[in-house]
Every structure is written in structure tokens, then in C-alpha cells.
Amino acid sequence: MNITLWIIASVLALAFLAAGLMKISQPREKLAASGMAWAEDFSPGSVRAIGAVEALGALGLILPAALGIAPALAAWAALGLAATMLAAAAVHLRRKEAKAIPVNLVLLLLAAVVAWGRFGPYAF
């Protein structure tokens, strides 16, 4: 199960790092035009902050455990990313963007599995 958790965490880290860096590096208008219409509801600083949370969460899933420096932070990063996806699903629900919600829920579930494993029976 430990290998499974590493695989899930790695996939999540890649997804969140890519999404976070995109939100940090591109203007809000370009994000909105590329299919992230929700960005119109947030200030440019808020969109960048969301991107920073996602990118830092991605790094937090892998680096603490891989480097052996405060490995318990990996579980907290997974929990934080699960909360981020819960908030994202709420935004999409409010905006009536139903087709985006399943992606949020899958990422939330995967992050919750990593959090459960790393807080529980497969802690570092």
C-alpha cells in the first residue's frame, strides 16, 4: 500500500504542480479564455494565490517524505489539497459548471486517500 500511496501522491503532485504553475504564470484573462471561466470571479492576486497553494501543496506531497525532513507534512499537504478541491467544487457548483465537478471530486478523493494513509497506517 505504501507504493500505491507514493504513486497516487506523485500523480497528484504532477497535476497540482502543473495547474498551480499555470495559474501563477498566466494572466487571469488568458486562463478564463482557455476554459477556466471561474477565474473571472476572482482578482488576479487571488488566482495567483490559488496557484501558489496548489504548487506548494504539490511539493509538500513529495519533498518532505523524499528528503526525510518533517515527513508528516506530506499528510498535511494532502489534506490541504483535498480542502482546496472541496472549495473548487463549491465554486463550480455555484457557477453551475457541473462538468468540472467530477474532476474536483476525483482529485479530492485521491488526496483524501493519501491523507488517510499518511496520517494513519502508512505514516512515515
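1. The largest nonpolar core of this model has 17 residues, and those touching the most other members are Leu12, Phe16, Leu61, Ala78, Leu81, Ala111 and Val114. Four elements each contribute at least two residues to this core: helix 1, helix 3, helix 4 (73-94) and helix 5. Apart from this core there is a second, separate one of six residues, with Met36, Trp38, Val47 and Val91 among them. The reader should bear in mind that the model is predicted.

2. Leu61 merits a separate remark. Neighbours within four places in sequence being set aside, leucine 61 is in contact with Ala9, Leu12, Ala13, Ala74, Ala77, Ala78, Leu81 and Val114. Of these partners, Leu12, Ala78, Leu81 and Val114 are also listed, with Leu61 itself, among the residues of the largest core that touch the most other members.

3. Leu61 also belongs to the lining of the largest cavity, together with Trp6, Ala9, Ala65, Ala74, Val114, Arg118 and Phe124. Two or more lining residues come from each of helix 1 (2-25), helix 3 (44-67) and helix 5 (101-119). The structure holds one cavity of 30 Å³ or more, and the space in the largest cavity is about 50 Å³. By class, seven of the residues lining this cavity are nonpolar, none is polar and one is charged. Ala9, Ala74 and Val114, which appear in this lining, are also contacts of leucine 61.

4. The largest pocket encloses about 540 Å³ of space. Its lining comprises 23 residues, and Lys23, Trp38, Ala88, His92 and Asn104 lie nearest the centre. Helix 1, helix 3, helix 4 and helix 5 each give two or more residues to this lining. Helix 4 provides the largest share, six residues. The lining divides into 16 nonpolar, four polar and three charged residues. Trp38, one of the residues nearest the pocket centre, is also a member of the second core.

5. Asn104 is the last residue to be considered here. Asparagine 104 is placed in helix 5. Is this residue, asparagine 104, buried or exposed? Asparagine 104 counts as buried because its relative accessibility is 7%, and the cut-off for burial is under 20%. With neighbours within four places in sequence left aside, the contacts of asparagine 104 are Met85, Ala88, Ala89 and His92. Two of these contacts, Ala88 and His92, are listed with Asn104 among the residues nearest the centre of the largest pocket.

Methods: Residues numbered from 1 in each chain as written. Predicted model: local features only at pLDDT ≥ 70, side-chain atom pairs only at ≥ 80, totals over all residues. Heavy atoms only, no water. 1 Å grid on protein atoms, 1.4 Å probe; cavity = no way out; pocket = protein on both sides within 12 Å on 5 of 7 lines; lining within 4 Å. Points joined across faces, edges and corners; volume = space filled by probe spheres on them. Nonpolar A, V, L, I, M, F, W, Y, C, P; charged D, E, K, R; others polar. Buried < 20%, exposed > 50% of the residue type's maximum accessible area, 1.4 Å probe, protein only. Contact = heavy atoms within 4.5 Å. Core = buried A, V, L, I, M, F, W, Y, C linked by side-chain atoms within 4.5 Å.
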